[in-house]
Amino acid sequence: MVKINGAHVDAAGQTLSQYLSTTACNPARIVIEHNGEILPRENYETTVLADGDQVEIISFMGGG
């Protein structure tokens, strides 16, 4: 299990890009922290999630 934004998700073995494709997240409007490190966007396709990983997905929103 992978912990994503505080919830345990069965996403081990998927790349971050594969996981994101199952969500409503727009990759152009998010930042991902993977195991305490900000992950460059170009690594989403090659970073494979593993059991015990911790991921935080932070999305940008406009407003004022």
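A: A salt bridge is a side-chain nitrogen of Lys or Arg within 4 Å of a carboxyl oxygen of Asp or Glu. For charge, Lys and Arg count as positive, Asp and Glu as negative, while His and the chain ends are left out. Buried means under 20% relative accessible area, exposed over 50%, and partly exposed in between (1.4 Å probe, protein chains only). The model here is predicted, so local features need pLDDT of at least 70 and side-chain atom pairs count only at pLDDT 80 or more, while totals for chains, interfaces and linings use all residues. Numbering runs from 1 along each chain as its sequence is written, and side-chain values rest on heavy atoms, leaving out hydrogens and water.

Q: OK, let's try it out. How far from Asp53 is the nearest side chain of opposite charge?

A: That side chain belongs to Lys3, and it is 13 Å away. Asp53 is buried, yet it has no salt bridge.

Q: Where along the chain does Asp53 lie?

A: Elements are DSSP runs numbered from the N terminus: helices are H or I with at least four residues, strands are E with at least two. On that basis, Asp53 lies in the loop between strand S4 (37-39) and strand S5 (54-59).

Q: And which side chain does Asp53 pair with at 3.1 Å?

A: First, the term: a polar contact is a pair of N or O atoms within 3.5 Å; within protein, one must be able to donate a hydrogen and the other to accept it, and residues adjacent in sequence count only if both atoms are side-chain atoms. The 3.1 Å partner is the side chain of Asn35. A second polar contact, at 3.0 Å, links the side chains of His34 and Asp53.

Q: Which residues does Asp53 touch beyond those up to four places away in sequence?

A: Contact means heavy atoms within 4.5 Å. By that test, Asp53 touches Met1, Val2, Lys3, His34, Asn35 and Val48. Lys3 is in that list, though as the nearest opposite charge its side chain is 13 Å off.

Q: Back to His34. Is it buried or exposed?

A: His34 counts as buried because its relative accessibility is 15%. You'll find His34 in strand S3. Apart from neighbours within four places, His34 is in contact with Leu39, Thr47, Leu49, Asp53, Gln54 and Val55.

Q: What about Asn35: which sign does its phi have?

A: Positive, near 50 degrees, in a residue other than glycine. Asn35 sits in the loop between S3 and S4 and is partly exposed, with a relative accessible area of 40%. Asn5 can be read in a similar way: its phi is positive, about 50 degrees, although Asn5 is not a glycine. Asn5 falls in the loop between strand S1 (2-4) and strand S2 (7-9), and it is partly exposed at 40%.

Q: How do I read the fold as a whole?

A: Count the elements, then follow their order. This chain has one helix and five strands, in the pattern β-β-α-β-β-β. Residues 24 or more positions apart make up 57% of the contacts with a separation of 6 or more.

Q: Why does the radius of gyration agree with a compact globule?

A: The radius is taken over C-alpha atoms, and the globule rule is 2.2 Å times the number of residues to the power 0.38. For 64 residues that gives a value near 11 Å, and the chain has 11 Å, so the two agree. The C-alpha atoms fill a box of roughly 40 × 25 × 25 Å along the principal axes, and 27% of the 64 residues count as buried.

Q: Which residues does Arg41 meet beyond four places in sequence?

A: Arg41 is in contact with Pro27, Ala28, Arg29 and Ile30. Arg41 lies in the loop between S4 and S5 and counts as partly exposed at 42%. Its partner Ala28 is found in the loop between H1 and S3; Ala28 is exposed, at 59%. From Ala28 to Phe60, 32 residues along the chain, the C-alpha separation is 9.3 Å.

Q: And which residues does Ser17 contact beyond four places?

A: Tyr44 and Glu45. Ser17 itself belongs to helix H1, and its C-alpha is 12 Å from that of Pro40, 23 residues apart along the chain.
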